[in-house]
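Welcome to this tour. Please open the structure in your viewer and keep the selection tool at hand.

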Amino acid sequence: MTQWYQLQQLDSKFLEQVHQLYDDSFPMEIRQYLAQWLENQDWEHAANNVSFATVLFHDLLSQLDDQFSRFLIENNFLLQHNIRKSKRNLQDNFQEDPIHMAMIIYNCLKEERKILNSAQLSNQMEVGGIQNTVVGMLDKQKELDAKVKAIKNSVIDVEQDIKTLEDMQDEYDFKCKTLQNREHESNGMSQEEYKKEQMNLKKMFLSLDLKRKEVVNKIVQLLNTTEHTQSALINEELVEWKHRQQTACIGGPPNACLDQLQNWFTIVAESLQQVRQQLKKLEELEQKFTYDPDPITKNKQVLQDRTYSLFKQLIQSSFVVERQPCMPTHPQRPLVLKTGVQFTVKLRLLVKLQELNYNLKVKVLFDKDVSEKNSVKGFRKFNILGTNTKVMNMEESTNGSLAAEFRHLQLKEQKNAGCRTNEGPLIVTEELHSLSFETQLCQPGLVIDLETTSLPIVVISNVSQLPSGWASILWFNMLSTDPKNLSFFLNPPYAKWSKLSEVLSWQFSSVTKRGLNADQLSMLGEKLLGPTSGGSHDGLIPWTRFCKENINDKNFPFWLWIEGILELIKKHLLCLWNDGCIMGFISKEKERALLKDQSPGTFLLRFSESSREGAITFTWVEGSQNEPQFHSVEPYTKKELSAVTFPDIIRNYKVMAAENIPENPLRFLYPDIPKDNAFGKYYSRPKEAPEPMDLDCPKGNGYIKTELISVSEVHPSRLQSPENLLPMSPEEFDEVSRMVGPAEIDTVMCSAYST
C-alpha cells in the first residue's frame with residue numbers, strides 16, 4: 001500500500017494539510033500519477049548529490065512521457081494537456097537546478113509521513129485531556145459552520161421577504177392608481193364604494209409598512225449575527241492560524257490548511273455582498289414610494305455604512321501571507337534571506353469571489369513604514385530586485401485559491417557613502433526586516449486598500465551567518481506574536497526552559513524522524529541553566545546565553561554547538577539517529593552511571609561537548625562491576641565521517657598495545673543490544689571480486705587496495721588477557737591477517753603460550 005493511498009484514506013482535516021504541501025512548483029497531479037515511483041526513489045540522497053538529482057530528474061520526465069502515452073491510448077485529451085503542461089513547468093523550473101526539485105519532493109514526502117503519524121496518533125488517543133481538546137476543537141468548528149450557514153440562510157430569507165415586499169408595493173401602487181382613475185371617471189363610483197376601497201388601501205399600507213419594518217429588522221439582526229461570527233473568524237480562528245503558522249515556521253507541527261477558513265470567509269463575504277444588493281433594492285423601492293416615517297429612509301444609511309464596514313474589515317483581514325518568505329535552497333529555514341539569492345513568498349485572499357479573479361494587482365515593498373530605519377543606528381537598507389508586482393488569480397494554484405506567488409525576488413543592500421560601522425546596538429543577524437504587500441479592491445461604489453506583512457525576516461550576506469540568523473527567527477517566533485515588533489532584539493525577553501526545550505526538540509524532529517526525549521532535554525537544560533537547576537521548566541534563559549555567550553569553558557555559544565550537531569546528523573548520522581541508536585546528549589557523569597553495571601564491552605554514543613562543528617564519540621566499559629573502567633575514543637567530526645561511515649567505524653574499531661593482537665572492545669550497544677544487531681544493516685558491503693571473464697572490469701593499477709579503520713593505541717595493561725582473546729572467529733582472523741604479517745602472528749602466538 002503506497003503512502004499516497006494511505007493519505008487519501010485520512011479525514012478531511014488531515015487531507016487539508018496534504019493540500020498545503022503541493023503548489024505550482026510541484027503539482028499534486030504528478031504526485032498522484034507517479035505515486036509508487038516517487039516513493040521508491042532516494043530523494044534524500046538526490047538532494048545532496050547533483051549527479052544523482054540529474055538522473056532522477058530525467059527519469060521523472062520519462063515517467064511523465066509514459067503516463068502521457070497511457071492517456072493517449074485512453075484518448076483523454078484533458079489529461080494529455082495537463083501532463084504536457086506539468087512536464088514543461090518542471091523543465092522550466094528545474095532543468096538547471098535538479099537538486100531544488102529533489103529537495104522539494106524529499107520535503108513533501110517527509111511532511112506526508114508526519115501527517116500520517118499525526119493521524120495515527122489522533123486515532124490512538126485515549127479518553128482524556130488531549131482527546132477532550134480535539135473534541136472541543138471539532139465542536140468549535142461545527143459551531144462556526146452552523147453560524148456561517150445561518151448567515152447564508154438568513155440572506156436567502158431576506159431576499160424572499162424583499163421580493164414579497166416588492167410584490168406588495170406593486171399591488172398597493174396599482175390599487176392606488178386604479179382608485180384615482182375610477183374617481184375621475186364620468187360615471188364615478190358611489191361614496192360607499194370609495195370608502196370601502198380607501199379602507200382596503202389603508203390596510204394594505206399598514207401591511208406594507210409592517211413588512212418594511214420586518215425586512216429592516218431582519219437585516220439589522222442579520223448584520224448583528226454576521227458581526228459576531230466575523231469577529232470569531234478574524235479575532236480567533238485567523239489569529240490561531242497565524243500562530244500555528246509561526247510555530248510551523250520554526251519546525252513545529254505542520255499548519256492546518258486555509259481551505260476551511262477560506263470557505264467561511266467566502267460565505268460571509270458573499271452574504272455581505274448580497275446584503276449590499278438588497279439595500280440597493282430597498283432604496284429603489286423607497287424611491288418609488290415613501291412616507292413619513294419610512295423605516296427604509298430612517299435606517300438605510302446606517303445599514304449601508306455598517307455593511308460596508310463589515311465587508312471592508314473582512315476583505316482586509318482575508319489578505320494573508322500563506323507561505324512566508326523562504327529561499328528554495330533552505331526550505332527548512334524560512335524567513336532567513338541571503339542577498340543575491342532568489343526567494344519565494346505566496347499571498348492569498350481568503351475571500352474567493354469570481355469577480356476578483358485577475359482584478360487584484362499585488363505589489364511587494366521592503367521595510368515600508370519601518371521606523372527602525374531612522375531610529376536604530378547602522379540599520380541596513382535594501383532594494384528588491386525582480387518582478388515586484390503580481391496579479392492574484394485562481395488558475396495558478398492547484399487548489400483553485402485566489403493567490404499570487406512571487407518566485408524570483410532578490411534583495412540587494414543599498415551601499416551608503418563610507419563604510420558600514422559596527423557601532424549600532426544590533427548585529428546583522430538581530431536586525432529584523434519585513435516585506436509588505438499592497439493591493440486595491442475596486443468595485444462600483446467600493447474602493448478598499450488591502451495590505452499585509454510577512455513575519456520578520458533576517459537578511460544575511462554570507463551563508464556562514466545562517467545559523468545565527470535562524471537563532472533570531474527561533475527566538476522571535478517563540479516569544480512574540482507582533483510581526484511589526486522589529487525592535488525586538490533591542491531588549492529581547494527571556495525564554496522559559498519549558499518553551500525553549502520544545503522548540504529545540506522541533507529542530508531535530510523537523511529534519512529527522514526523532515525529536516529530543518526528556519533525558520536529552522534535561523542535559524541541555526542543565527547546560528543552559530547550570531547543573532543545580534535540574535533543567536527546571538520554570539528556568540529563564542536570556543538571549544545572550546542561548547546564542548551569544550560562550551557556553552561554560554568553551555569558545556563557542558550553545559546554539560552554534562547544537563547547529564553543528566544538527567548538520568552532523570543530517571549529513572552523516574541520520575539513520576542511526578532515526579533508529580534511536582544515538583543517546584547523544586548525556587553528561588559524562590550520567591554516562592558512567594549508566595555503564596557501570598553493564599557487561600564489559602557495553603558502549604553508548606554521545607555527542608562531543610567540545611567541538612563547535614559537531615562531533616560524536618563512544619564510551620565503553622570494561623573490567624568487573626566492582627572496578628569498572630570507562631574509555632572514550634577521540635570524537636569523530638564530519639572530516640572522518642566523510643571518509644568512513646560511523647557504523648563501519650564501530651564495526652572495525654580496534655585497540656592495540658605493544659605486541660598484543662588488536663581487539664574490538666565494543667560488544668553491546670547500551671543497554672544490551674549486540675553490536676551487529678544494532679548496526680549490521682548499515683555496514684558497508686565488501687565489493688565482490690570481478691570474475692575472470694568479466695570484460696567490463698577495469699584493469700588493475702598495480703596497487704594493493706586499502707581500507708580505513710580506527711585504531712587506538714593503549715598500554716598493554718588496558719587489554720584483556722591473551723587467553724580471553726582466543727580462539728578467534730574466522731572473520732576476526734582474516735581481519736588480523738590483513739593488518740599484520742604471518743611472522744608477527746607467529747611471534748605473538750608463541751609468546752602468548754610461553755607465558
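Begin with an open sheet of four strands, which has the order β6-β4-β8-β9 and antiparallel pairing. Strands here are DSSP runs of E with at least two residues, helices are runs of H or I with at least four residues, and both are numbered from the N terminus. Two strands pair if DSSP finds at least two bridges between them. At the edges stand β6 (389-392) and β9, each with a single partner strand, so one side of each is left without a neighbour in the sheet. From one strand to the next, the twist averages 25°. Such angles run from 0 to 180 degrees between N-to-C directions, with axes being lines fitted to C-alpha atoms, for helices over the stretch in contact.

Before going on, a word on the model. This is a predicted model, in which local features need pLDDT of at least 70 and side-chain atom pairs count only at pLDDT 80 or more, while totals for chains, interfaces and linings use all residues. Residues are numbered from 1 along each chain as its sequence is written, and side-chain values use heavy atoms, with hydrogens and water left out.

**Stop 1: inside the sheet**

Select residues 360-366 and 435-443. These are strands β4 and β8, which run antiparallel and are joined by four bridges. Within this pairing, Val364 stands opposite Phe437 in β8.

Now add residues 446-453, which form strand β9. How many bridges join β8 to β9? There are eight, and these two strands run antiparallel. Show Ser436, which stands opposite Thr453 in β9, and then Gln443, which stands opposite Leu446 in β9. The hairpin of β8 and β9 has two residues between the strands, and Gly445 takes a positive phi near 75° there.

Next, select residues 295-317. This is helix α12, which lies across β8 and β9 and runs at about 30° to β9.

**Stop 2: another sheet**

Look for an open sheet of four strands with the order β1-β3-β7-β5 and antiparallel pairing. Which strands stand at the edges? They are β1 (319-326) and β5 (382-385); each has a single partner strand, so one side of each is left without a neighbour in the sheet. The twist averages 30° from one strand to the next.

Select β1 together with residues 343-349, which make up strand β3: the two pair in the antiparallel sense over five bridges. In this pair, Phe319 stands opposite Leu349 in β3.

**Stop 3: aromatic rings**

A search of the whole structure finds 29 aromatic pairs. Rings of Phe, Tyr and Trp (its six-membered ring) pair if their centres lie within 6.5 Å; planes under 30 degrees apart count as stacked, over 60 as edge-to-face and the rest as tilted. Select Trp561 and Phe585, an edge-to-face pair at 5.6 Å centre to centre with 80° between the planes. Trp561 lies in helix α18 (residues 558-579) and Phe585 in the loop between α18 and α19 (588-595), so the pair ties together parts that are 24 residues apart in sequence. Are these two residues buried or exposed? Both Trp561 and Phe585 are buried. Buried means under 20% relative accessible area, exposed over 50%, and partly exposed in between (1.4 Å probe, protein chains only).

Keep Trp561 on screen and add Lys527, which lies over the face of Trp561 at 4.9 Å from the ring centre. Then show Arg514, which lies over the face of Trp577 at 4.6 Å from the ring centre. A charge sits over a ring if NZ of Lys or CZ of Arg is within 6 Å of the ring centre and within 35 degrees of the ring normal.

**Stop 4: two single residues**

Select His19 in helix α2 (residues 12-21). His19 is partly exposed, with a relative accessible area of 33%. Leaving aside neighbours within four places in sequence, His19 is in contact (heavy atoms within 4.5 Å) with Met28, Cys257 and Asp259. Add Ala256 too: His19 and Ala256 are 237 residues apart in sequence and 9.5 Å apart in space, C-alpha to C-alpha.

Then move to Gln246 in helix α10 (residues 191-249). Gln246 counts as buried, at 4% relative accessibility. Not counting residues up to four places away in sequence, Gln246 touches Leu455, Phe476, Asn477, Ser480 and Thr481.

**Last stop: zoom out**

Show the whole protein, whose secondary structure comes to 25 helices and 19 strands. Of its 755 residues, 45% are buried.
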